Amino acid sequence: MDGGRRRLLRGAALMPLAVGAVTAATAATADVPDLPDLPDLPEAPAGRSPAQLAGDEAYWAAVAAQYDLGDEVVMLDNGYWGAMARPVLQAYTQATAEVNRGNAWFGRVAFPQRMREVQRQLAGFLGVGEDEVVLTRGATEALQALIGGYNRLRPGDQVLYADIDYDSTITAMRWLRARRGVEPVAIALPEPCGHAQVLETYAQALQRNPRLKLMLLTQVNHRNGMLLPVAEIAAMARARGVDVIVDAAHAIGQVETRIDALGADFAGINLHKWIGAPVGVGAMYVRRGRVADIDPYMGDPDRGIASRVHTGTANFAAFLALPAALAFHQRIGTAAKRARLLRLRDHWRDAVRALPGLQLLGPDEPRLSSAIASFRLAGQVTLEQNIGVARRLLEEHGVFTVHRDGLAHGACVRVTPGIFTAPAQMDRLVAGLRRLAGAA
């Protein structure tokens with residue numbers, strides 16, 4: 001055997017691991033790989049709460065220094081996907097070279113074993129069984145497979161979704177009319193909306209629609225950033241015999257989340273948003289004992305959860321870089337990330353709250369809040385108007401945001417900082433909003 005093949009075999013059999021502590025969100029222990037030395041990223045000071053650490057600008061500047069980011073614009077659309085930290089990018093680059101060198105032999109012989117190890121680490125991070133999770137290319141792929149494959153529906157049953165849910169999942173829920181002969185039911189969350197109103201809205205929907213069998217819940221929605229009290233709503237649904245599919249795309253990595261504590265048996269997960277894996281990495285969760293309630297994907301042979309989604313030839317290197325992303329994430333911790341992101345969110349919202357020409361969307365209650373928040377100029381509810389507002393922020397102030405459509409009360413502009421965002425960048429947004437609202 002030549003040296004090249006021998007090196008590939010060693011790479012296939014061995015994945016350098018070191019035991020690392022998992023954040024409190026997982027309440028589990030997982031093996032995570034060693035990271036390259038990070039001299040610029042100090043350990044969080046002992047004895048400091050996440051809220052205290054959130055205001056330590058020196059610490060977060062050190063975190064930001066681990067990202068190679070452009071300065072063409074102030075990037076406030078970090079809800080699209082999360083930039084990779086330098087150690088993750090290094091792992092991805094190295095894995096890409098290894099995959100390219102090994103070619104089809106690597107993909108067919110070496111990769112499956114490596115993939116199983118990656119999935120084992122992900123299961124440990126999420127605090128679930130290895131047989132309860134499978135990697136996908138993103139939350140959308142997972143959620144469409146779960147919605148389309150859910151086989152406990154009968155003609156005349158009802159399925160529920162809300163205006164805050166993601167566009168492609170709404171499409172999938174509506175498609176169940178043709179696929180399963182059911183009645184899709186849409187609800188709209190009040191605006192503004194507090195914790196009591198959220199629970200009441202879903203309680204009324206359950207009461208008004210006694211034929212409901214399936215409900216879609218988005219833990220953190222991409223339109224106004226509300227953090228839904230999923231466990232409480234799922235408990236109400238479970239009491240009425242209604243199953244819940246959770247869209248956790250924006251929650252994992254941003255919000256302390258125990259998947260098994262959500263009270264839902266099915267979830268779609270994204271790992272290239274707030275975990276910072278390469279683009280094209282997500283996961284599907286199906287609680288043990290429920291996999292038979294999801295059809296194998298388009299007639300695939302039944303091989304457990306793995307046959308509930310058919311990703312095809314995926315980006316091998318992206319999956320292989322996931323352990324590095326998990327390790328970097330754990331180095332900071334979900335609680336610290338959340339505290340920092342909420343601090344940045346409050347920084348800009350508090351500065352413009354009194355502007356008469358501006359309407360802030362999303363909840364004020366911290367327990368319902370996330371990094372994501374939205375706004376619209378007073379009276380400007382059309383998609384075209386909000387596209388124009390986002391364009392003006394970019395062209396006149398160098399601030400990159402994104403328009404969002406689909407809320408029952410009108411379109412909006414979404415603002416999403418990242419853990420590498422500086423308060424001075426949020427101030428650029430504030431200055432732009434003051435001018436747009438006619439206050440400067």
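Modeller: One definition before we dig in: helices and strands here are DSSP runs, numbered from the N terminus, with at least four residues of H or I for a helix and at least two of E for a strand. Also, this is a predicted model.

Colleague: Got it. How many helices and strands does the protein have?

Modeller: There are 13 helices and 15 strands.

Colleague: And what share of the residues counts as buried?

Modeller: Buried residues make up 57% of the 440 in the protein. As for contacts, of those with a separation of 6 or more, 72% are between residues 24 or more positions apart.

Colleague: Let's look at helix packing. At what angle do α12 and α13 cross?

Modeller: Roughly 115°, and the axes come within 10 Å. Helix α12 covers residues 383-397 and α13 covers residues 423-436. The crossing is right-handed.

Colleague: Which residues make that contact?

Modeller: From α12 you have V389, R392, L393 and H397. On the α13 side there are R428, L429, G432, L433, R435 and L436. By type, the contact of α12 with α13 has 5 nonpolar, 2 polar and 3 charged residues.

Colleague: What about α7 and α8, how do they pack?

Modeller: Their axes are 10 Å apart at an angle of about 20°, which means α7 runs roughly parallel to α8. This crossing is right-handed.

Colleague: Which side chains should I click on there?

Modeller: In α7, pick H195, V198, L199, Y202, A203 and L206; they meet E232, I233, M236 and A237 of α8. The contact of α7 with α8 splits into 8 nonpolar, 1 polar and 1 charged.

Colleague: Switching topic: how many salt bridges are there?

Modeller: The count is 26. A good one to start with is D295 with R180, where the closest N and O atoms are 3.2 Å apart. D295 is in the loop between β10 and α9 while R180 is in helix α6, so this salt bridge ties together parts that are 115 residues apart in sequence.

Colleague: Are those two buried or exposed?

Modeller: D295 is partly exposed, because its relative accessibility is 24%. R180 is at 16%, so R180 counts as buried, the cut-off being under 20%.

Colleague: Where does E191 come in, which partner does it have?

Modeller: E191 forms a salt bridge with R376, at 2.8 Å from N to O. The two sit 185 residues apart, with E191 in the loop between β6 and α7 and R376 in strand β12. E191 has a relative accessible area of 25%, so E191 is partly exposed, and R376, at 1%, is buried.

Colleague: What is the peptide bond right after E191 like, cis or trans?

Modeller: The bond from E191 to P192 is cis, with omega near 0°. P192 is in the loop between β6 and α7.

Colleague: Back to charges. Which residue pairs with R290?

Modeller: D265 does, in a salt bridge of 2.4 Å from N to O. R290 lies in the loop between β10 and α9, and D265 in the loop between β8 and β9, 25 residues apart. Both R290 and D265 are buried. There is a network here too: salt bridges with shared partners connect R152, D243, D265, R287, R290 and D293.

Colleague: Nice. Now backbone oddities: what is the phi of N103?

Modeller: Near 55°, which is a positive value in a residue other than glycine. N103 sits in helix α4, which covers residues 86-126.

Colleague: Is N103 buried or exposed?

Modeller: Exposed, because the relative accessible area of N103 is 54% and the cut-off is over 50%.

Colleague: And what about M298, what phi does it have?

Modeller: M298 has a positive phi as well, of about 45°, and is not a glycine. You will find M298 in the loop between β10 and α9. M298 is exposed, with a relative accessible area of 73%.

Colleague: Great, I'll go and have a look at those spots. Thanks!

Terms used: Residues numbered from 1 in each chain as written. Predicted model: local features only at pLDDT ≥ 70, side-chain atom pairs only at ≥ 80, totals over all residues. Heavy atoms only, no water. Axes fitted to C-alpha atoms, helices over the stretch in contact; angles between N-to-C directions. Left-handed = near helix turned anticlockwise from the far one by under 90°. Contact = heavy atoms within 4.5 Å. Nonpolar A, V, L, I, M, F, W, Y, C, P; charged D, E, K, R; others polar. Salt bridge = Lys/Arg side-chain N within 4 Å of Asp/Glu carboxyl O. Buried < 20%, exposed > 50% of the residue type's maximum accessible area, 1.4 Å probe, protein only. Parallel < 35°, antiparallel > 145°, perpendicular 65-115°, else oblique.
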